Amino acid sequence: MAQKESKTGPLIAQFWSDLGITYQHAYGDDAGLVKAVKTWLSYVTPGTSVLECGCGTGVPIGRTIADGGFKYHGIDIASGMVEVCQKQVPEGIYEVVSMLDYNPKTQYDGIVASLSHFELTPKEHTKMAQNWSQWTKLGGHLLISTIIFEEDLGGQASFDPEMECAAGVEVSFMGNKIIITLFTKEGWRRLLERAGFEIVHTEMDMFIPKAEATPDEPRYYIVAKKRVQL
């Protein structure tokens, strides 16, 4: 299979739009993620507004949020993903926009970013943490679904000991080569605390994608409460 590498906004958007429902077939059946989403929602006031940054196809996260009685708002850089999500979670509202450029008119009681931040640089992660804080009501909760950096993933990656993250990590994803940024557990703690969040719950899970040339993924889930108004 031909190798692809996502580098810039338009290329990233097209990459994900091209995947569309194929991504859902590989990643939609994820019991560990559903469990983490339900745990996070248990901290969020019922019936309130929740934002997903990188909504993808809407399954399983958007569907779980809507079925829980929350007001679901999804944003994604890939128009093809949003089209699928609108069909699968029609009660939601959507925008095709990069999470880096999004400018909401209101704050949310809950925000989730699941595997949608990997292609951001370390500097962009800092910006996103500030964005998540600005978009979250005081006392609201953030859910991060990610993969933790480990030395055997590093390769030619550049590790920043201050931020506790590695940029330029090359991984295999559904037969494609992509370049991502990964943080350590300590790196995520520092990133979120500097943005006014306090981690209140974490858990680990191993996910096995139903996709060719995609390795098993050791997931790390973080629920963080916004404690400080920046």
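**Salt bridges, cores and a small matter of cut-offs**

Me: Why is Glu-193 called partly exposed?

Reply: Glu-193 has a relative accessible area of 40% in this predicted model. Buried would need under 20% and exposed over 50%, so a value in between gets the label partly exposed.

Me: What makes Glu-193 and Arg-189 a salt bridge?

Reply: Their side chains come to 2.7 Å, N to O. The cut-off is 4 Å between a Lys or Arg side-chain nitrogen and an Asp or Glu carboxyl oxygen, so the pair qualifies. The two sit four residues apart in helix α7, which means about one helical turn between them.

Me: How do you know that Glu-186 and Arg-189 pair up too?

Reply: Same recipe: N to O is 2.4 Å, and the limit is 4 Å, so it counts. Here the spacing is three residues in α7, so again about one helical turn. Glu-186 is partly exposed at 29%, and Arg-189 is partly exposed at 32%.

Me: What makes Glu-186, Arg-189, Arg-190 and Glu-193 one network?

Reply: Shared partners: salt bridges that have residues in common tie the four together. Arg-189, for one, bridges to Glu-186 and to Glu-193.

Me: Is Asp-30 buried or exposed, and how do you know?

Reply: Buried: its relative accessibility is 2%, and the cut-off is under 20%. Its partner Arg-219 is buried as well, at 1%. The closest N and O atoms of this salt bridge are 2.8 Å apart.

Me: What parts of the chain does that pair link?

Reply: Distant ones: Asp-30 lies in the loop between α2 and α3, while Arg-219 is in strand β10, 189 residues apart. The whole structure holds 11 salt bridges.

Me: Why is the set around Leu-51 and Trp-135 called a nonpolar core?

Reply: The name goes to buried residues of types such as Leu, Ile, Trp and Cys, joined through side-chain atoms within 4.5 Å, so that is the test the set passes. This one, the largest, has 29 residues, and Cys-53, Ile-111, Trp-132 and Trp-188 are also among those with the most contacts inside it. Helix α6 gives the largest share, four residues. A second, separate core of 21 residues includes Phe-70 and Leu-143.

Me: How do you know that β7 and β8 pair?

Reply: Seven bridges join them, running antiparallel. At least two are needed, so they are a pair. Cys-165, for instance, stands opposite Phe-183 in β8.

Me: What makes β8 an edge strand?

Reply: It pairs on one side only, as does β6. The order in this open sheet is β6-β7-β8.

Terms used:
Residues are numbered from 1 along each chain as its sequence is written. This is a predicted model: local features need pLDDT of at least 70, side-chain atom pairs count only at pLDDT 80 or more; totals for chains, interfaces and linings use all residues. Side-chain values use heavy atoms; hydrogens and water are left out. Buried means under 20% relative accessible area, exposed over 50%, partly exposed in between (1.4 Å probe, protein chains only).
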